[in-house]
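User: Hey, can you walk me through this one? I'm new to reading structures, so plain words please.
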Amino acid sequence: MKSAETTNVSSPHKVLQPEGWARPIGYANGMEARGKTIFVGGQIGWNGQCKFEAKDLPAQVRQTLENIIAILREGGARPEHVTTMTWYVLDRKEYSSALKEIGAAYKATMGRHFPAMAVVQVSGLIEDEALVEIQATAVVPD
């Protein structure tokens with residue numbers, strides 16, 4: 001199957017979208033990138049002082065994404081350099097029911113850049129108050 005680039009104009013990378021496949025909403029099936037790679041370890045919804053200010057999932061998602069962006073900035077990267085993200089959530093039904101609010105938090109932090117993503121339900125996270133953990137990889141073009 002041949003790949004076709006989508007119209008994800010906010011990405012410096014090539015979005016891989018096989019011909020004839022339905023376009024995904026809110027993520028890409030694949031990304032092609034070259035450059036300096038930045039690996040962001042799993043981030044959760046606490047602030048830089050390891051304190052939870054938010055108790056609900058959408059607000060923790062927003063804080064988690066802000067944490068990722070702060071780490072990216074340290075490596076000279078921006079949200080549009082993210083090529084892949086893995087989200088770990090405690091409750092997929094809570095995630096699904098809050099998609100509108102999560103989408104708003106995502107767009108407020110990451111913009112309209114949608115890398116390859118996976119969402120996985122897990123039985124628990126290391127920090128008891130955490131509702132989400134997100135791991136990311138970014139590539140800053142040469």
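User: Let's start with Arg 62. Is Arg 62 buried, partly exposed or exposed?

Analyst: Arg 62 counts as partly exposed, because its relative accessibility is 36%. Keep in mind that this is a predicted model.

User: Okay. Which side chain does Arg 62 meet in a salt bridge?

Analyst: That would be Glu 66: the two side chains meet in a salt bridge at 3.3 Å, N to O. Side chains of opposite charge can pair when their charged atoms come close.

User: And where do Glu 66 and Arg 62 lie?

Analyst: Both sit in helix α1, 4 residues apart, which is about one turn of the helix. Glu 66 has a relative accessibility of 33%, so Glu 66 is partly exposed.

User: While we're in that helix, what about Gln 63? Buried or exposed?

Analyst: Gln 63 is found in helix α1 too, and it counts as buried because its relative accessibility is 17%. The cut-off for buried is under 20%.

User: What does the side chain of Gln 63 make a polar contact with?

Analyst: With the side chain of Asn 67, at 2.8 Å.

User: Back to salt bridges. How many does a search of the whole structure find?

Analyst: The search turns up 3 salt bridges. One of them joins the side chains of Glu 129 and Lys 55, at 2.7 Å from N to O.

User: Why does that pair tie together parts that are far along the sequence, and how many residues apart are they?

Analyst: Glu 129 is in the loop between β6 (116-121) and β7 (132-140), while Lys 55 is in the loop between β4 and α1, so the pair ties together parts 74 residues apart in sequence.

User: Are those two buried or exposed?

Analyst: Lys 55 counts as exposed because its relative accessibility is 57%. Glu 129 has a relative accessible area of 41%, so it is partly exposed.

User: Which other side chains meet in a salt bridge at 2.4 Å?

Analyst: Those are Arg 78 and Glu 80, and the 2.4 Å is N to O. Arg 78 is partly exposed, because its relative accessibility is 46%. Glu 80 has 19%, so Glu 80 counts as buried.

User: New topic: charge on the surface. Which residues form the negative patch?

Analyst: The negative surface patch is made by Asp 56, Asp 91, Glu 94 and Glu 101.

User: Pick Glu 101. Where does it lie?

Analyst: Glu 101 lies in helix α3, which covers residues 99-110. Its relative accessibility is 42%, so Glu 101 counts as partly exposed.

User: Next, Cys 50. What's its phi like?

Analyst: Cys 50 has a positive phi, about 60°, although it is not a glycine.

User: And where does Cys 50 lie?

Analyst: Cys 50 is in the loop between β4 (36-44) and α1 (57-74). With a relative accessible area of 44%, Cys 50 is partly exposed.

User: Last one: where is Glu 19 found?

Analyst: Look in the loop between β2 (14-18) and β3 (30-32). Glu 19 counts as partly exposed because its relative accessibility is 47%.

User: By how many Å are the C-alpha atoms of Glu 19 and Leu 99 separated?

Analyst: They are separated by 27 Å, and the two residues are 80 residues apart along the chain.

Terms used. Residues numbered from 1 in each chain as written. Predicted model: local features only at pLDDT ≥ 70, side-chain atom pairs only at ≥ 80, totals over all residues. Heavy atoms only, no water. Patch = residues over 30% accessible without salt bridge, like charges linked within 9 Å, V, L, I, M, F, W, Y side chains within 5 Å. Areas by Shrake-Rupley, 256 points an atom, 1.4 Å probe, with all protein chains shown as cover. Salt bridge = Lys/Arg side-chain N within 4 Å of Asp/Glu carboxyl O. Lys, Arg positive; Asp, Glu negative; His and termini not counted. Charge placed at Lys NZ, Arg CZ, Asp CG, Glu CD. Helix = DSSP H or I, 4+ residues; strand = E, 2+ residues; numbered from the N terminus. Buried < 20%, exposed > 50% of the residue type's maximum accessible area, 1.4 Å probe, protein only. Polar contact = N/O pair within 3.5 Å; in protein donor to acceptor, adjacent residues only side chain to side chain.
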